[in-house]
Amino acid sequence: MTVEVVDLIGTVVARYHEEYEHAAAEHSLTGTQARVLSLLAVGPQPMRKIANCLKCEPSNVTGIVDRLESRGLVERRPDPDDRRVKLAAATAEGARTAEALRTSLHFAREPLGKLTIAERTLLKELLQRMLGGTAE
């Protein structure tokens, strides 16, 4: 049973990544660029925090932010709490692009739409438990 569940989770993850890469490409972005843009659409982030989310070195994030900035999707701002720190933030165009990416992810949305609200809530709680978190 555990092997079957692990295989199913792997299949879901692989299909999600495939669709995410396809959606990103439709906006001339890599999957990683799209992920950074999605993180920044929530709010400005220091480069180090972005690197932690991506599980990569901050120098990699600098290059990603540079490319997004050159397209007008991201801007750098000083951190109001610590002027030594630069925050990356989505521009208005970047936020629109992130929203377009999010709404184009049919694979993630359509199967979840087949579940009742109670089933989605249970799935969310189970996934949070698996990740060591607690239900909100």
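This is a short talk on the sheet, one helix packed across it, and the salt bridges in this structure.

Okay, hi everyone. Before anything else, please keep in mind that this is a predicted model.

Let's start with the sheet. Which order do the strands come in? Reading across, it goes β1-β3-β2. That's three strands in an open sheet, and the pairing is antiparallel. At the edges you'll find β1, residues 45-46, and β2, residues 74-79, each of them pairing on one side only. For anyone wondering what holds neighbours like that together, strands of a sheet pair through backbone hydrogen bonds.

Now zoom in on β1. Its partner is β3, which covers residues 82-90, and the two pair in the antiparallel sense over two bridges. If you want a spot to click on, try Pro-46: its bridge partner in β3 is Leu-87.

Next, look for helix α4, residues 58-70. Where does α4 lie? You'll see it across β2 and β3, running at about 120 degrees to β2.

Right, on to the charged side chains. How many salt bridges does a search of the whole structure find? Six. Let me walk you through some of them.

Go back to β2, residues 74-79. Here the side chains of Glu-75 and Arg-77 meet in a salt bridge, at 2.9 Å from N to O. Are these two buried or exposed? Well, in between: Glu-75 is partly exposed, with a relative accessible area of 31%, and Arg-77 is partly exposed too, at 32%.

Then there's helix α5, residues 92-103. In α5, Arg-96 and Glu-93 sit three residues apart, about one turn of the helix. Their side chains meet in a salt bridge, 2.9 Å from N to O. Glu-93 has a relative accessible area of 38%, so we call it partly exposed.

Further along α5 we get to Glu-99 and Arg-102, again three residues apart, or about one turn of the helix. These two form a salt bridge, with the closest N and O atoms 2.8 Å apart. Glu-99 counts as partly exposed at 38% relative accessibility, and Arg-102 does as well, at 43%.

One more thing to find on your screens. Which residues are linked in a network of salt bridges? Those would be Asp-66, Glu-69 and Arg-76. Take a look at where they are: α4 spans residues 58-70, and β2 spans 74-79, which should help you locate them.

That's my tour, thanks for listening!

Terms used:
Residues are numbered from 1 along each chain as its sequence is written. This is a predicted model: local features need pLDDT of at least 70, side-chain atom pairs count only at pLDDT 80 or more; totals for chains, interfaces and linings use all residues. Side-chain values use heavy atoms; hydrogens and water are left out. A salt bridge is a side-chain nitrogen of Lys or Arg within 4 Å of a carboxyl oxygen of Asp or Glu. Buried means under 20% relative accessible area, exposed over 50%, partly exposed in between (1.4 Å probe, protein chains only). Helices (H or I, at least four residues) and strands (E, at least two) are DSSP runs, numbered from the N terminus. Two strands pair if DSSP finds at least two bridges between them. Contact means heavy atoms within 4.5 Å. Axes are lines fitted to C-alpha atoms, for helices over the stretch in contact, and angles run from 0 to 180 degrees between N-to-C directions.
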